[in-house]
Amino acid sequence: MLACNEVTRLWASEEIRSATLARRIAVRMHLMMCRHCRRYVRELALIGEGARVAAEASTDDAIRERLERRLRGESAS
Amino acid sequence: MREDAARTAAIRRGDSATVQQVIHEVLPGLIRAARASGLAEDRLEDVVHGCVLVFLRRHADFDGRARVTTWIHGILIHKISEERRILRRDAAREDIDEVVESRFDANGRWSRPPSRPGDELAREEVARFLKGCLEALPDRQRLAFEMREVEEFDTGEICNILDVSANNLGVLLFRARSRLRECMESKGIQGSSDARL
């Protein structure tokens with residue numbers, strides 16, 4: 001039986017992706033039974049999504065346009 | 001993941017339209033990655049510019065074994081680590097996260113289970129709170145996390161870009177996510193008490 005700290009580590013490090021089938025099943029079983037770890041996993045997904053939203057919101061248009069202008073000047077010369 | 005063969009050939013021979021297209025595609029990600037690595041705002045433009053110049057000079061060396069995006073991000077990280085040596089430090093030498101460890105009892109069960117940071121928050125609110133939490137992360141952890149979640153590189157590509165082992169990347173991602181979750185949790189509690197004022 002896997003402990004919670006091991007489940008969270010396997011999940012957050014993504015070691016779970018390369019784990020043996022037995023281990024992946026053990027993690028799934030644990031998640032079915034443990035609401036705390038289910039919440040942990042859900043929160044990580046929420047945080048990943050939040051990071052993507054935050055990145056979309058902070059546009060770097062000005063710096064990108066300056067760079068493209070500089071680079072166009074250089075490839076033309 | 002490999003680059004498309006026809007595109008690789010066009011990049012190698014320096015086809016101008018293809019090279020311009022590649023640069024156009026990678027610029028936003030390069031700027032984000034440069035920022036995520038902890039560079040100051042006023043250094044971003046020059047560092048990304050230098051990285052693209054290396055690409056323009058060395059396009060013929062591109063072998064297509066990785067996606068061209070991955071290859072250019074590797075150039076960027078190499079350039080940044082010339083001035084920020086900390087990016088090259090071994091993950092194993094980073095401090096053990098006592099905050100994280102203290103959430104479990106001796107048997108590895110939750111002693112302080114997660115207390116819903118932002119279950120009720122809108123995505124935009126999560127994003128707003130998350131910004132401060134991301135800034136508080138150690139540079140390497142933030143960079144690994146953003147490459148994975150924002151740029152959506154696969155883990156093998158990130159190992160390649162950051163020049164770390166799969167194990168090291170796992171440690172970086174685990175610590176980044178644990179810290180972000182802890183940070184969001186504390187802000188979540190903060191947020192609801194603010195709302196009552």
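**Figure 1. Surroundings of Val48(B) in the predicted model.** In this predicted model, Val48(B) touches Leu67(A) across the chain boundary, together with Leu30(B), Ile31(B) and Ala34(B) of its own chain, when residues up to four places away in sequence are left out. Val48(B) also belongs to the largest nonpolar core, which holds 61 residues. Leu30(B), Ala34(B), Val48(B), Leu130(B) and Ala144(B) are the members that touch the most other members of this core. Helix α9 of chain B, residues 166-196, is the element that gives the most to the core, with nine residues.

**Figure 2. Crossing of α3(A) and α6(B).** Helix α3 of chain A (residues 35-57) and helix α6 of chain B (residues 123-136) have axes that come within 8 Å and cross at roughly 85 degrees. An angle from 65 to 115 degrees counts as roughly perpendicular, and α3(A) is therefore roughly perpendicular to α6(B). On the α3(A) side, the residues that meet α6(B) are Leu46(A), Ile47(A), Glu49(A), Gly50(A), Ala51(A), Val53(A), Ala54(A) and Ala57(A). Their counterparts in α6(B) are Arg123(B), Glu124(B), Val126(B), Ala127(B), Leu130(B) and Lys131(B). By class, this helix-to-helix contact comprises nine nonpolar, one polar and four charged residues. Leu130(B) is also one of the residues named above for touching the most other members of the largest nonpolar core.

**Figure 3. The side of chain A that touches chain B.** The contact between the chains takes 32 residues from chain A and 39 residues from chain B. In chain A, the elements that give two or more residues to this side are α1 (4-12), α3 and α4 (61-76). The largest share, 16 residues, comes from α3(A). Sorted by class, this side of chain A has 15 nonpolar, five polar and 12 charged residues.

**Figure 4. Gly156(B) and the start of chain B.** Gly156(B) lies in helix α8 of chain B, which spans residues 155-162. Is Gly156(B) buried, exposed or partly exposed? Gly156(B) has 13 other C-beta atoms within 10 Å and is therefore partly exposed. Although 155 residues separate Gly156(B) from Met1(B) in sequence, their C-alpha atoms are 8.6 Å apart in space.

**Figure 5. Overall build of chain B.** Chain B contains nine helices and zero strands, in the order α-α-α-α-α-α-α-α-α along the sequence. Of its 197 residues, 39% are buried. Among contacts between residues at least 6 apart in sequence, 72% join residues at least 24 apart.

**Figure 6. Confidence across the two chains.** The model scores ipTM 0.91 and pTM 0.87. Chain A has a mean pLDDT of 90, with 96% of its residues at 70 or more. Among the elements of chain A, helix α2 (residues 21-33) has the highest mean pLDDT, 96, and α4(A) the lowest, 84. Chain B averages a pLDDT of 85, and 83% of the residues score at least 70. Confidence in chain B is highest in helix α1 (residues 5-12), at a mean of 96, and lowest in helix α5 (residues 98-101), at 58. Over residues 189-197 of chain B, pLDDT stays under 50, and the model has one contact beyond four places in sequence for this stretch. Where pLDDT is low, predicted coordinates should not be read in detail.

Key:
Residues are numbered from 1 along each chain as its sequence is written. Chains are lettered from A and ligands numbered from 1 in the order in which they are written. This is a predicted model: local features need pLDDT of at least 70, side-chain atom pairs count only at pLDDT 80 or more; totals for chains, interfaces and linings use all residues. Axes are lines fitted to C-alpha atoms, for helices over the stretch in contact, and angles run from 0 to 180 degrees between N-to-C directions. Helices (H or I, at least four residues) and strands (E, at least two) are DSSP runs, numbered from the N terminus. Angles under 35 degrees count as roughly parallel, over 145 as roughly antiparallel, 65 to 115 as roughly perpendicular and the rest as oblique. Two residues are in contact if their C-beta atoms, placed from the backbone, lie within 7 Å. Ala, Val, Leu, Ile, Met, Phe, Trp, Tyr, Cys and Pro count as nonpolar, Asp, Glu, Lys and Arg as charged, and the others, Gly among them, as polar. A residue is buried if 20 or more other C-beta atoms lie within 10 Å of its own, exposed if 12 or fewer, and partly exposed in between; C-beta atoms are placed from the backbone. A nonpolar core is a set of buried Ala, Val, Leu, Ile, Met, Phe, Trp, Tyr and Cys residues joined through C-beta atoms within 7 Å. pLDDT is the predictor's confidence in each residue, from 0 to 100.
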